[in-house]
Amino acid sequence: MIKKSKIWFFKKNALWLFFLFSVVACQNAKQTENSLSAESKQPFYFFNKNEHIIGALDSLVENKFLPYVYARIENHDGALLFEHSAVNRELYPDLEVTGDSWFRIWSMSKIVTISLVMDLSEDGILNLNDPVHQYIPEFKNLQVALSADGKAITDYAYDEVDEICPVQYIPANSEMTIADLIHHKAGFYYPWSGIDCLDKIWTDQDLNAAKNSQELINRLKAMPLVQQPGSTYFYGLNTTVLGLVAERATDKPLNLLVKERITGPMKINGLQYTEPAHATLLPRTDGKQGFEKINVKNETDIFGAAMPKYSPDHSLFMGGEGMIGTTDGYADFMRMLLHNGSLNGHRFLNEATINEMSSPHTQTDSPWGYNGYNLWVTGDTLKVMGVGEAGFWVSGGYEGTYCWIDRKRKIVGLVMTQLFNMKTAPSEVFRGAVYQEIWKHEQEQE
């Protein structure tokens with residue numbers, strides 16, 4: 001089991017553990033492949049219009065767990081095996097949610113940024129053991145917060161956090177590396193800690209108000225870390241800092257790096273940082289007191305209320321939280337991982353790199369699995385619960401976006417919504433229904 005003193009932050013963010021891809025000819029080919037009518041050619045034909053799976057998704061909306069939901073399963077070639085959407089028509093009478101609808105994907109941005117940095121590493125542009133201050137010298141003299149008693153913040157259990165304030169600062173005594181950023185061992189945090197004095201420092205800096213990367217760096221250097229770099233796992237803003245490193249290493253903005261190295265060469269449409277000109281993001285909903293539409297910008301608790309900005313003229317690209325994507329587009333990115341680093345004829349990452357990214361690195365004593373390079377690999381607990389199996393690669397985001405890769409059956413699955421203060425995990429409901437059908441079919445074939 002994970003030690004309580006090492007996971008108090010995750011008890012406030014437990015959903016994260018559940019939450020962890022052409023040219024015209026290629027597009028036409030995919031549309032042909034995507035036909036759900038040719039059941040005899042599909043090894044997962046029993047997904048098509050499956051009443052059990054559809055009912056599970058509909059129940060999430062009917063029981064008012066979600067305002068709307070879209071789910072999708074593709075095989076390794078991108079053939080569409082299943083899709084279904086459901087919408088609460090009392091709340092959103094005219095809303096249509098499809099595979100081309102744009103979602104805020106939040107922490108599902110992280111694996112994209114990490115994959116980009118691994119590509120830069122393969123090209124010799126940076127090394128994972130490089131110190132972060134080699135690229136961001138402004139971080140040369142960062143401070144670390146200790147409790148009023150002089151103890152490390154991460155030594156406190158969840159029910160002891162009230163004893164931490166006021167914090168004191170000491171200089172960092174270890175060198176922060178790029179690998180520390182990947183593994184959430186660098187010490188950057190989110191303002192969800194439950195430690196009021198630390199959260200206030202974060203929100204006072206108003207990081208999302210930064211107009212560009214340089215301004216974000218200037219604000220971050222004025223904040224303390226919550227641990228000595230390299231000491232332990234602490235989920236936070238580390239991957240956004242990783243994106244800043246990539247920008248400094250290449251002298252290019254993160255959105256351009258993603259386009260040049262990921263979406264362009266692999267012909268992925270539906271994965272970017274700014275809102276498309278002829279589309280809008282799906283509406284935000286708060287589930288705390290039933291469903292309530294969110295129309296004011298600062299009504300959410302993530303980032304201390306503020307939201308990442310998605311307007312085309314904005315020039316701050318947050319690599320850990322700030323991407324938007326369609327379900328179809330993110331499925332293509334997932335299929336790159338399923339294909340061990342290549343998609344649509346383009347080799348993006350070496351197979352050895354994919355193996356490294358999916359190997360155990362942190363949280364290795366968790367009953368839920370282990371963490372690779374911010375790619376969660378599931379454990380046997382899912383099979384015990386009847387909602388999946390060991391060995392899935394998963395990722396998820398704050399508003400309820402979720403995806404998994406089943407390498408055994410060569411399929412990718414996604415279930416997507418946009419809801420704050422979620423009361424149930426749609427990933428468990430959808431994936432559970434899917435694998436009940438898979439196991440039943442596989443038993444029938446024995």
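Let me begin with a word I will lean on: a residue is called buried when its relative accessible area is under 20%, exposed when that area is over 50%, and partly exposed in between, using a 1.4 Å probe and protein chains only. What we are looking at is a predicted model, in which local features need pLDDT of at least 70 and side-chain atom pairs count only at pLDDT 80 or more, while totals for chains, interfaces and linings use all residues. Residues are numbered from 1 along each chain as its sequence is written, and side-chain values use heavy atoms, with hydrogens and water left out.

I start with helix H8, residues 238-250; helices here are DSSP runs of H or I with at least four residues, strands are runs of E with at least two, and both are numbered from the N terminus. Eleven of the 13 residues of H8 are buried, so this helix is largely enclosed by the rest of the structure. The buried ones are Asn238, Thr239, Thr240, Val241, Leu242, Gly243, Leu244, Val245, Ala246, Glu247 and Thr250. Their cover includes helices H4 (109-122), H5 (178-182), H7 and H9 (254-263), where contact means heavy atoms within 4.5 Å. Just after H8 comes Asp251, which has a positive phi, near 60°.

H7 (213-220) also bounds a loop, the one that runs from helix H6 (196-205) and holds Asn208. Is Asn208 buried or exposed? Asn208 is buried, with a relative accessible area of 3%. Leaving aside residues up to four places away in sequence, Asn208 touches Phe303, Ala306, Met307, Pro308, Lys309 and Met318. Met307 is 99 residues from Asn208 along the chain, yet their C-alpha atoms are separated by 6.7 Å.

Turning to the strands, there is an open sheet of three, in the order E3-E9-E6, with antiparallel pairing; two strands pair if DSSP finds at least two bridges between them. E3 (102-104) and E6 (271-272) are the edge strands, each pairing on one side only. Between E6 and E9 (residues 324-326) the antiparallel pairing runs over two bridges, and Gln272 stands opposite Ile324 in E9. Helix H10, residues 327-338, lies across E3, E6 and E9 and runs at about 95° to E9.

Finally, the interior: a nonpolar core is a set of buried Ala, Val, Leu, Ile, Met, Phe, Trp, Tyr and Cys residues joined through side-chain atoms within 4.5 Å. The largest one has 105 residues, and those with the most contacts inside it are Phe188, Leu220, Tyr330 and Phe333. A second, separate core of 33 residues includes Leu66, Ala86, Leu382 and Ile411.

Terms used:
Axes fitted to C-alpha atoms, helices over the stretch in contact; angles between N-to-C directions.
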